[in-house]
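These are my notebook entries from a look through one model, written down in the order in which I looked things up.

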Amino acid sequence: AEEATPALIKALEGEDHHVRVSVAIALARIRPGSAQDIPALLQDLKAPDARRREEAAMALGAMKPGPSQAISPLIAALGDDAWYVRTAAAWALGNMGLEARPAIGALVRTLSDADPHVRASAATALGGLQSKAREALPRLVKNLKDGDWHVRLRTLWSLYMIAPDSKETMSAFVDALGDADGEVRANGALG
């Protein structure tokens, strides 16, 4: 895979946004935690082009282990003007696992974002932090009333990951059985 690196780096300069996102993630996987990539990606989080910011967040989130110096810039990216950058930043923080504990408060605030993609991504990120994100339970419970079924579904998963035996989680799964969306109801039955 390392031999593909030069071609992948060249592909980052292409016009197709979807290819660039995939390439950025592939590079992060080929060269896990590569210190040489981090400064450029952190700089790209501030680029004028929103798609470039999104790509940087995705690549940082794909790195294993996640670079701890990316946590504060990714928290800042949760306030980006572009919903897809905010979504990517939340995903990246969630993908960093317990390293992203400093982001819990910002992710909880992001559960109120105007965009459902961002809310769903923030809920998923909090679920990835498991019991460390217990402070998110009250806000997650509120998100079970969200108008978007995907937000409700990701919220159920997060509640289960954070506090599977809590009263709030048990109640949420029972309530989900009456949800308007079949997939949410099905997941409520699994709780």
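I began with Phe173, and I note at the outset that I am reading a predicted model. With a relative accessible area of 7%, Phe173 falls under the 20% limit and is therefore buried.

I then looked up the ring partner of Phe173, which is Tyr160; the two form an edge-to-face aromatic pair, 6.2 Å from centre to centre and with 80° between the planes. I placed Tyr160 in helix H10 (residues 149-162) and Phe173 in helix H11 (residues 167-176), so I record this pair as a link between distant parts of the chain, its members 13 residues apart. For Tyr160 I found 40% relative accessibility, and Tyr160 therefore counts as partly exposed.

Next I asked how many aromatic pairs the structure holds, and the count is two. The other entry under this heading is Trp83 with Tyr84, whose ring centres are 5.7 Å apart and whose planes stand at 85°, so I list this pair as edge-to-face. I checked each partner in turn: Trp83, at 36% relative accessibility, counts as partly exposed, whereas Tyr84, with a relative accessible area of 19%, is buried. While I was on Tyr84 I also noted that the charged end of Arg51 sits over the Tyr84 ring, 3.7 Å from the ring centre.

From there I turned to helix packing and looked up helix H6 (residues 83-95) against helix H8 (residues 116-128), whose axes come within 8 Å and cross at roughly 5°. Because that angle is under 35 degrees, I describe H6 as roughly parallel to H8. On the H6 side I listed Trp83, Arg86, Thr87, Ala90, Trp91 and Gly94 as making the contact, and on the H8 side His117, Val118, Ser121, Ala122 and Ala125. Sorted by character, the residues of this contact of H6 with H8 come out as six nonpolar, four polar and one charged.

My last entry concerns Ala136, which I located in the loop between H8 and helix H9 (137-143). Is Ala136 buried or exposed? At 0% relative accessibility, Ala136 counts as buried. Setting aside the neighbours within four places in sequence, I found Ala136 in contact with Val108 and Leu126. I also looked up the separation of Ala136 and Met63, and I wrote down 73 residues in sequence and 25 Å in space, C-alpha to C-alpha.

Note on methods: Residues numbered from 1 in each chain as written. Predicted model: local features only at pLDDT ≥ 70, side-chain atom pairs only at ≥ 80, totals over all residues. Heavy atoms only, no water. Axes fitted to C-alpha atoms, helices over the stretch in contact; angles between N-to-C directions. Helix = DSSP H or I, 4+ residues; strand = E, 2+ residues; numbered from the N terminus. Parallel < 35°, antiparallel > 145°, perpendicular 65-115°, else oblique. Contact = heavy atoms within 4.5 Å. Nonpolar A, V, L, I, M, F, W, Y, C, P; charged D, E, K, R; others polar. Phe/Tyr/Trp six-rings, centres within 6.5 Å; stacked < 30°, edge-to-face > 60°. Buried < 20%, exposed > 50% of the residue type's maximum accessible area, 1.4 Å probe, protein only. Lys NZ or Arg CZ within 6 Å of the ring centre and 35° of its normal.
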